[in-house]
Amino acid sequence: MRTIVVLPTYNERENVANLLAAVRSTLPTADILVVDDNSPDGTASIVEEVAAELGQIKLLRRPGKHGLGSAYREGFVVALDEGYDAVVSMDVDFSHDPASLPELLALLEAGADAVIGSRYVPGGATEDWPLHRRVLSRWGNRYTSLVLRLQVRDCTSGFRAYRASALASIEPSSTTAEGYAFLTELVRRLVRAGYRVMESPITFRDRQYGESKMSSRIIVESMLLVTRWGARDLLTRRQAPETID
């Protein structure tokens, strides 16, 4: 499968060169697209240097910091316009292990429409997180799956592989959420469209270098949107006409 790995970045100069090298080593034939939000620490310049050395690395410079969802929307548009078969998303801070990439893509090859690198299926785990963060993430995902009837255990994992045809059909450019809510919005659309979403266990490791982009505002936005979507879905089901067999 012709594959592209989409990497949003903002102030990741300490991680990006090593991550690009690791992805290239793991997926030698894949292309890489870095979507940088005008990082003041010079991340984009490092990407250009690595691209000149390794090749098959593209850089999309954006004029300012517009958020994770916006970065992925623009990156996915580029990936879909250029005709790739598989589109991968992941973080640049090594919380997502590049060594897991072949397994995600193998499951696409085997018939999945989207594969989520999941912390919450058997074999998955998180490392170096304080207890309150683990509890918040696990129960937030359980709440999301229950309210939206997704049967997906890790709705907010950004480590994913999509079949390009499935991703195109749910029109990611028309999504509106930011942060982790954007990731949930994509899963919700995939499930509602009847696509096969699988989860593959990963070990999520907290970043060693740079600052986390997680904030209380992002968490609150995600939970509010999930509740709103759940209420809307419930109302739609109640208003749907009954069918007679």
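Author: A residue counts as buried when its relative accessible area is under 20%, as exposed when that area is over 50%, and as partly exposed in between. Please keep in mind throughout that this is a predicted model.

Reader: With those words in hand, how does Asn 11 count, as buried, exposed or partly exposed?

Author: Asn 11 has a relative accessibility of 27%, which lies between the two cut-offs, so the residue counts as partly exposed. You will find Asn 11 in the loop between strand E1, residues 3-9, and helix H1.

Reader: What is the sign of phi at Asn 11?

Author: The general idea comes first: most residues other than glycine have a negative phi. In this structure, Asn 11 has a positive phi of about 55°, although Asn 11 is not a glycine. Asp 128 is another residue other than glycine with a positive value, its phi being near 70°. Asp 128 sits in the loop between strand E6 (125-127) and helix H5 (131-148), and with a relative accessible area of 60% this residue is exposed.

Reader: Stepping back to the whole protein, how many helices and strands are there?

Author: The protein has 8 helices and 9 strands, and of its 245 residues 47% count as buried. For a chain of 245 residues, a compact globule would have a radius of gyration near 18 Å, and the value for this protein, 18 Å, agrees with that. Among the contacts between residues at least 6 apart in sequence, 81% join residues at least 24 apart.

Reader: How many salt bridges does a search of the whole structure find?

Author: To read such a feature, look for a side-chain nitrogen of Lys or Arg within 4 Å of a carboxyl oxygen of Asp or Glu. The search finds 10 salt bridges in the whole structure. One of them joins Asp 37 and Arg 62, with 2.5 Å from N to O. Asp 37 lies in the loop between strand E2 and helix H2, while Arg 62 lies in the loop between strand E3 and helix H3, so this pair ties together parts that are 25 residues apart in sequence. Asp 37 is buried, at 5% relative accessible area, and Arg 62 is buried too, at 3%. Asp 37 and Arg 62 are also linked with Glu 74 in a network of salt bridges.

Reader: Which residue forms a salt bridge with Glu 127?

Author: The partner is Arg 205, and the closest N and O atoms of the two are 3.2 Å apart. Glu 127 belongs to strand E6 and Arg 205 to strand E9, 78 residues apart, so that the pair links distant parts of the chain. Each of these residues is partly exposed, Glu 127 with a relative accessibility of 33% and Arg 205 with 33% as well. Asp 206 forms a salt bridge with Arg 133, where the closest N and O atoms are 3.5 Å apart.

Reader: Where is the side chain of opposite charge nearest to the buried Arg 24?

Author: Arg 24, which lies in helix H1, is buried yet has no salt bridge, since the nearest side chain of opposite charge, that of Asp 31, is 5.4 Å away and the cut-off is 4 Å. A polar atom of the Arg 24 side chain does lie 3.1 Å from the backbone oxygen of Leu 54. Leaving aside neighbours within four places in sequence, Arg 24 is in contact with several residues, among them Ala 30, Ile 32 and Gln 56.

Terms used
Residues are numbered from 1 along each chain as its sequence is written. This is a predicted model: local features need pLDDT of at least 70, side-chain atom pairs count only at pLDDT 80 or more; totals for chains, interfaces and linings use all residues. Side-chain values use heavy atoms; hydrogens and water are left out. Helices (H or I, at least four residues) and strands (E, at least two) are DSSP runs, numbered from the N terminus. Buried means under 20% relative accessible area, exposed over 50%, partly exposed in between (1.4 Å probe, protein chains only). Lys and Arg count as positive and Asp and Glu as negative; His and the chain ends are not counted. A polar contact is a pair of N or O atoms within 3.5 Å; within protein, one must be able to donate a hydrogen and the other to accept it, and residues adjacent in sequence count only if both atoms are side-chain atoms. Contact means heavy atoms within 4.5 Å. The radius of gyration is taken over C-alpha atoms; the globule rule is 2.2 Å times the number of residues to the power 0.38.
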